[in-house]
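Biologist: I've got this model open and I'd like a close look at one helix packing. Could you walk me through it, and then tell me what else catches your eye around it?

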There are 2 protein chains.
Amino acid sequence: MSERHMKLGAFLMAGGHHIAAWRHPDAHADAGSDIAHFIELARIAEAAKFDMIFIEDAAAIRERNADLASQAARSTAFEPLSLLAAIAVNTTHLGIVATASTTYNEPYGLARAFATLDSLSGGRAGWNLVTSASELEAKNFAASGLRPHSERYERAEEFADAALKLWDGVEDGAYLPADGAAFADRTRLHPLHHHGKHFAVDGILDSQRSPQGRPIMVQAGASDVGKELAARTADVVFAASQTIGEAQAYYADVKARLAKYGRAKTDLKVMPGISPIVGATDEEAKAKHRALQELIPDPVGVALLASYLSIQDLSSYPLDGPLPEMPPTNLIQSRQQLIVDLGKREGLSIRELARHFAGARGHWQVVGTPVQIADAMEERFAGGAADGFNVMAPLFPSGLQDFTTLVVPELRRRGLFRDDYEGRTLRQNLGVGAPASR
Amino acid sequence: MSERHMKLGAFLMAGGHHIAAWRHPDAHADAGSDIAHFIELARIAEAAKFDMIFIEDAAAIRERNADLASQAARSTAFEPLSLLAAIAVNTTHLGIVATASTTYNEPYGLARAFATLDSLSGGRAGWNLVTSASELEAKNFAASGLRPHSERYERAEEFADAALKLWDGVEDGAYLPADGAAFADRTRLHPLHHHGKHFAVDGILDSQRSPQGRPIMVQAGASDVGKELAARTADVVFAASQTIGEAQAYYADVKARLAKYGRAKTDLKVMPGISPIVGATDEEAKAKHRALQELIPDPVGVALLASYLSIQDLSSYPLDGPLPEMPPTNLIQSRQQLIVDLGKREGLSIRELARHFAGARGHWQVVGTPVQIADAMEERFAGGAADGFNVMAPLFPSGLQDFTTLVVPELRRRGLFRDDYEGRTLRQNLGVGAPASR
């Protein structure tokens with residue numbers, strides 16, 4: 001393959017990415033509890049030759065206020081590793097990426113669980129490393145509440161190092177060597193002896209090395225420390241950028257950090273989110289968008305905007321006025337900045353910002369025909385803003401079907417996307433090199 | 001159903017329960033890394049209408065000494081929850097029971113993962129609660145090493161209470177109520193506010209209540225504190241007893257503890273392990289057993305015996321002499337006592353005890369024809385020693401196939417085992433009542 005192809009992920013979410021998806025007439029009533037629904041979505045993505053599916057996570061309910069319908073589509077969720085194990089045995093080539101937190105897990109337990117997922121799937125697993133910024137999640141695990149951003153990232157750095165070393169501590173074929181005299185070839189096992197600030201791990205993983213070496217590492221960190229961790233350890237970054245300028249700046253920033261870790265620019269794939277609303281005609285696409293936007297109640301949009309801004313409440317401010325000045329926060333700093341910048345740049349009111357962000361949940365949204373959407377994707381792909389995209393369909397399954405049946409063929413016509421998988425592992429399909437064992 | 005039926009579990013393990021299974025000519029070379037192998041075993045158990053499959057676990061390699069072949073069949077293992085999620089979507093009625101530790105997990109995370117498994121499977125999940133007595137496992141999680149038995153059980157008690165309350169905190173249909181106005185019916189959600197010695201959990205599970213209410217609780221504790229925890233919280237206990245007398249004493253002991261928790265004797269099913277070696281004739285069964293026993297090297301048997309006794313090494317004692325006096329230990333106290341008692345009662349040497357325990361790994365073994373095995377099972381089932389059995393086939397898949405094709409029909413002829421499943425949930429099939437939500 002000489003030409004450069006886009007990487008495509010399908011970011012799955014029970015009802016759909018649009019905040020009001022669950023209220024749509026086509027919505028699946030209890031999508032978050034229906035494994036058959038997720039298997040269907042995965043098969044749609046695999047039939048279209050997507051690189052991977054992506055599952056977000058927080059070990060908590062998603063909405064403090066049960067009287068708001070805002071997070072309905074996500075009010076119930078499957079634990080991602082178990083969900084993806086069930087999907088792994090119903091797919092053959094599709095990468096499966098699960099989100100898991102370094103704040104509420106231990107390196108050995110999580111590295112082992114991902115090794116299982118990688119083995120079950122024949123080398124198709126990926127780990128989206130997060131540090132968990134949710135207050136609701138913190139309360140489920142500790143009386144001490146949410147740890148500061150810097151402390152969470154310090155733990156994440158140590159966690160990632162330990163996990164990578166555990167995976168790379170088992171060479172190919174180390175267990176059950178051919179002569180049958182011992183349970184392992186000791187010369188091919190390299191125990192980790194980690195005694196750090198947050199963890200102590202003295203041992204060896206009880207899994208064969210995966211066909212892809214180890215799981216793909218995915219991150220979405222947009223803070224400085226997050227981007228640095230991604231540059232050091234990640235194979236894929238998933239980013240939220242509204243404008244092509246923001247996306248180009250993020251792309252250049254992350255890629256420029258790779259050299260100091262001895263990594264090439266192609267070793268890390270930047271895959272921003274895109275929320276496509278596809279219509280056969282421009283008017284059909286706009287009508288689909290309107291139908292969804294009209295389902296958003298103002299209180300829901302405003303509450304979601306407040307949560308993105310990491311503030312308790314916006315309801316005391318006039319809906320048609322500007323955002324108030326923001327206090328400093330220890331939460332996901334980059335998203336807050338993105339919203340504040342957009343509000344100032346375009347002079348948007350709280351109501352307008354709420355609608356804008358509620359719909360696509362802060363991600364880049366394109367409403368249009370297959371040609372218009374392919375144009376927008378190609379512009380960013382060719383323009384130094386993306387190596388591919390994490391596709392966030394507004395409604396499942398129809399929004400994903402719209403994309404695979406209408407937009408993917410257009411991308412193929414332009415030579416921008418594969419006709420078939422290059423290999424059987426996620427690493428082969430993404431085109432990121434196999435890591436060496438220790 | 002008026003007659004009382006046996007409950008049957010299939011205790012799956014990669015190569016087989018016999019310690020030398022992996023060296024047998026019929027062994028699967030890399031069973032521990034082959035998901036198709038496990039799905040095949042589950043389907044065999046489901047076709048025979050077993051209540052459940054059972055997966056043990058320790059988050060570590062199983063053998064300190066890589067030069068010994070002893071634990072070969074278990075040198076690689078899948079993380080049980082992911083393994084069972086993959087099996088859940090390939091079965092329809094079979095219960096799926098995963099072992100997980102209260103020592104190296106957090107209540108919210110584990111309760112949530114089991115809620116996912118219960119949901120994925122349509123109400124067929126069970127949790128075998130363990131406190132993790134392995135030193136190798138302890139080293140993977142903490143610099144402080146293995147915690148004393150009493151401290152582990154104190155944490156387990158608090159963990160089990162929190163998990164049960166999390167599951168019971170969500171009433172049927174609490175999420176996505178029919179009117180679509182809010183993401184949940186707040187009156188049907190009962191947040192846990194737990195602030196204990198080991199854990200703080202302030203929240204609600206993000207899962208619909210399962211069709212069986214909550215996962216089945218399984219335990220294998222044989223210490224006094226273990227039996228008390230089982231009497232208070234378990235639906236099934238899995239026990240190791242050599243003689244019918246030991247099994248009757250254990251059965252009576254555990255059942256007698258139920259009343260003080262307001263529970264009926266039928267609320268807890270006692271399912272001891274049985275390691276059946278089945279032949280069409282007595283001689284064929286004995287030949288199968290000999291073929292396996294001859295594959296056990298003495299050092300392997302003796303090392304395993306030492307590990308069961310929780311002592312570092314037995315190799316300095318004469319192989320044909322008796323066991324030395326044992327030091328007190330904080331490990332699995334009951335298993336040690338069982339071995340010491342058997343050695344004294346039958347005057348067995350270290351070599352003899354090693355062979356005896358290595359083969360069936362400390363469980364009750366019956367070598368014989370289908371009629372002989374059914375006789376032995378019926379004697380214990382009718383004689384106040386068991387409500388059913390956890391079947392530990394010596395070799396997979398052939399040992400499980402021998403049992404399902406030869407012994408199960410004999411049990412059915414006697415009216416001791418079901419012809420078909422009573423229901424779709426594990427709780428319905430076991431005949432233990434559905435718990436009330438809080």
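Modeller: Sure, let's start inside chain B, keeping in mind that this is a predicted model. Helix α9 of chain B, residues 298-308, packs against helix α11 of chain B, residues 350-360, with the two axes 8 Å apart and at an angle of about 80°. Since angles of 65 to 115 degrees count as roughly perpendicular, α9(B) is therefore roughly perpendicular to α11(B).

Who does the touching? On the α9(B) side you'll find B:Asp298, B:Gly301, B:Val302, B:Leu304, B:Leu305 and B:Tyr308. Facing them from α11(B) are B:Ile350, B:Arg351, B:Leu353, B:Ala354, B:Arg355, B:Phe357 and B:Ala358. Sorted by class, that contact comes to nine nonpolar residues, one polar and three charged.

Further along chain B there's a backbone detail to look up: the peptide bond running from B:Phe396 to B:Pro397 is cis, with omega near 0°. B:Pro397 sits in the loop that links β12 (388-391) to α13 (398-413) of chain B. Chain A has a cis bond too, from A:Phe396 to A:Pro397, and there omega is near -5°. The loop holding A:Pro397 lies between β12 (388-391) and α13 (398-413) of chain A.

While you're in chain A, check A:Lys49, which isn't a glycine and yet has a positive phi of about 70°. You'll find A:Lys49 in the loop between α1 and β2 (52-55) of chain A. For background, most residues other than glycine have a negative phi, and most peptide bonds are trans.

Now for how the two chains meet. Each side puts residues into the contact: 62 from chain A and 62 from chain B. Together they bury about 5,400 Å², with carbon and sulfur atoms giving 59% of that area. Two salt bridges turn up across the interface of chain A and chain B. In one salt bridge, the side chain of A:Asp57 meets that of B:Arg112 at 2.6 Å, N to O. There are also ten residue pairs in polar contact between chain A and chain B, counting pairs with both residues at pLDDT 80 or more.

As for which elements of chain A touch chain B, at least two residues each come from α1 (35-47), α2 (80-88), α3 (107-120), α4 (135-141) and β6 (200-203). The largest share is from α3(A), with seven residues. By class, the side of chain A that touches chain B splits into 35 nonpolar, 14 polar and 13 charged residues.

How values were computed:
Residues numbered from 1 in each chain as written. Chains lettered and ligands numbered in written order. Heavy atoms only, no water. Contact = heavy atoms within 4.5 Å. Buried area = accessible area lost by both parts, 1.4 Å probe. Salt bridge = Lys/Arg side-chain N within 4 Å of Asp/Glu carboxyl O. Polar contact = N/O pair within 3.5 Å; in protein donor to acceptor, adjacent residues only side chain to side chain. Helix = DSSP H or I, 4+ residues; strand = E, 2+ residues; numbered from the N terminus. Nonpolar A, V, L, I, M, F, W, Y, C, P; charged D, E, K, R; others polar. Axes fitted to C-alpha atoms, helices over the stretch in contact; angles between N-to-C directions. Parallel < 35°, antiparallel > 145°, perpendicular 65-115°, else oblique.
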